[in-house]
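Please open the model in your viewer and keep the selection panel at hand. The stops below go from the whole chain to its interior and then to its surface.

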Amino acid sequence: MLCFVALLGILQIRGDGYFPLPRSWPEDLLMQIVLLHTMGVVAVIILACRRLIFSQPSRQWTLSNQTTLVACGVVPVLAITAICGIHVWQGNRFADFGYQPDSQRITIYFLCSLIPLIGFWLVTLKKRSFSVLWFLSAILASSFILKMVPLELFPLTAKRSDMLPFLKQACGSVLRGEHPYQYYMLDNGIMTPNVRFPGIIFGFLPAVALGVDLRFASVTIEVLLFGWIAYAFFINKPIPEERSKFLSVMVGIFILFPYWHLRHELYEAPFLLVLLATFLALSAKRITLFSICVGLLISTHQWGVLFAPFLVIYLIHEHGWKTAFRCGIIAVIVAGIIFSAVIQFHYQEFYANVVELYVNIVKKQHFFPLSLSFTAYLGKYGLAGWLFPTQAFLQCILIFVCYRFVRGVEGLAGILALSLTAILLFNGVCWTYQYLSVVFLILLGMLFSRLRYEKEALDNTNPKS
């Protein structure tokens, strides 16, 4: 849990691009500073994942009343203040792109976002009873209010980020009956390829069809995502509320993570939702549903393809070769149907957009020097040719670790977090926001570890059950 918080802290400090580091500083100095950030990220991820993979679930301490007040009262207020401060900053920073630096309206949103938390604490103090469910509901409501700031004040423009703008164009192509793997002219004057998998496109298709801002789709999916987490881990499972308090704080910190609110134009929410569904189906041993989810995972994101071998290996351990083979067939069929429906036999265009583009980035060594990876350093010393072999070698090691050691669902989350980290560290393109998926996997690992401990404690108390 400490590693989880430390990881969020490093990602917040690093940010994206050059911010908060001055562009006027020498590039070598900037790269050295970011190298320290990268080494910190690697260290805390390895420590957290090692705990998930190799250690037995440990008894979680409870929070004292004073600690609860700080963790559930002071920390959310500090996070909300930071989020609103960041919105004021980016309103001024990107004013030339149409952003409105309206401090008064942001202040109104700030005050409104405090209302759910104030209401929660008034009820808590009156009843003298802390409710995890109501705490998470208040956090989610506050986050939802703050998510409205960019929707009102910040336009969706490729001049800031091209991710959702080209997804909007891709969805438009699908709705017109065309294949989406084309180059699109965006409002920044740059021809941009569609590099997203079909599942991501489907996730934003309803928003484009209804003519609403794609960020409404992201916010809606995020509310569904964390609402589902609250139900699955804090309502529908036998975790005593007093001992689940600390985990609810971890979930709340992630929901109000200022960097996530800063990057209001991200597209990852559909993938995270499918990832959650996959893990819950696996934990519940609903193999057919799990197989369908794996197919959705593969067709939603490149990381789904990366995760598939680990999921199959885990299934072999838990349910045998026959079940794993049947699961693989179902997953391939589901993914094949989705890919075929979107690509429409334009496989060459799909390959050029989704695979060849990144291969060319490595060949031409167009690496961003301040990314949270070792790629720029390898390119600087003429070792870019080792990027792909290094990625493959690390994945082989992790596949062996998965086969040899991973048994619980929390261990699977840990090995997937390591797998994604190993790819990002030696990838031609690595942005800070991509580590949010790693953070989410570690969070899932903590939640499933908690469930495992409570189940074992319950079985020990009631052997006959």
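The tour starts with the overall fold of this predicted model.

Begin with the whole protein in cartoon view, where 18 helices and two strands can be traced. The radius of gyration is 22 Å, close to the 23 Å that the globule rule gives for 465 residues, so the protein is as compact as a globular protein of that length. Turning the C-alpha trace along its principal axes, you will find that it spans about 60 × 60 × 50 Å. If contacts are drawn between residues at least 6 apart in sequence, 79% of them join residues at least 24 apart.

Next, colour by accessibility: 55% of the 465 residues count as buried, while the accessible surface comes to about 20800 Å², with 65% of that area belonging to carbon and sulfur atoms.

Now go inside and select Phe233, Phe254, Phe279, Phe307, Leu412, Ile415 and Tyr435, which touch the most other members of the largest nonpolar core, a set of 167 residues. Add helix α13 (residues 302-343), which gives the most to this core, with 17 residues. Then centre on Phe254 and display its contacts beyond four places in sequence, which are Phe4, Leu8, Phe226, Trp260, Leu436, Val439, Phe440 and Leu443.

Finally, return to the surface and select Val70, Val74, Val75 and Leu78, which form a nonpolar patch with about 320 Å² of accessible area together. Within this selection, pick out Val74, which lies in helix α3 (residues 65-93) and is partly exposed, with a relative accessible area of 41%.

How values were computed
Residues are numbered from 1 along each chain as its sequence is written. This is a predicted model: local features need pLDDT of at least 70, side-chain atom pairs count only at pLDDT 80 or more; totals for chains, interfaces and linings use all residues. Side-chain values use heavy atoms; hydrogens and water are left out. Patches are made of residues with over 30% relative accessible area and no salt bridge: like charges are joined within 9 Å, nonpolar side chains (Val, Leu, Ile, Met, Phe, Trp, Tyr) within 5 Å. Accessible areas come from the Shrake-Rupley method with a 1.4 Å probe; for residues, only the protein chains shown count as cover. A salt bridge is a side-chain nitrogen of Lys or Arg within 4 Å of a carboxyl oxygen of Asp or Glu. Helices (H or I, at least four residues) and strands (E, at least two) are DSSP runs, numbered from the N terminus. Buried means under 20% relative accessible area, exposed over 50%, partly exposed in between (1.4 Å probe, protein chains only). A nonpolar core is a set of buried Ala, Val, Leu, Ile, Met, Phe, Trp, Tyr and Cys residues joined through side-chain atoms within 4.5 Å. Contact means heavy atoms within 4.5 Å. The radius of gyration is taken over C-alpha atoms; the globule rule is 2.2 Å times the number of residues to the power 0.38.
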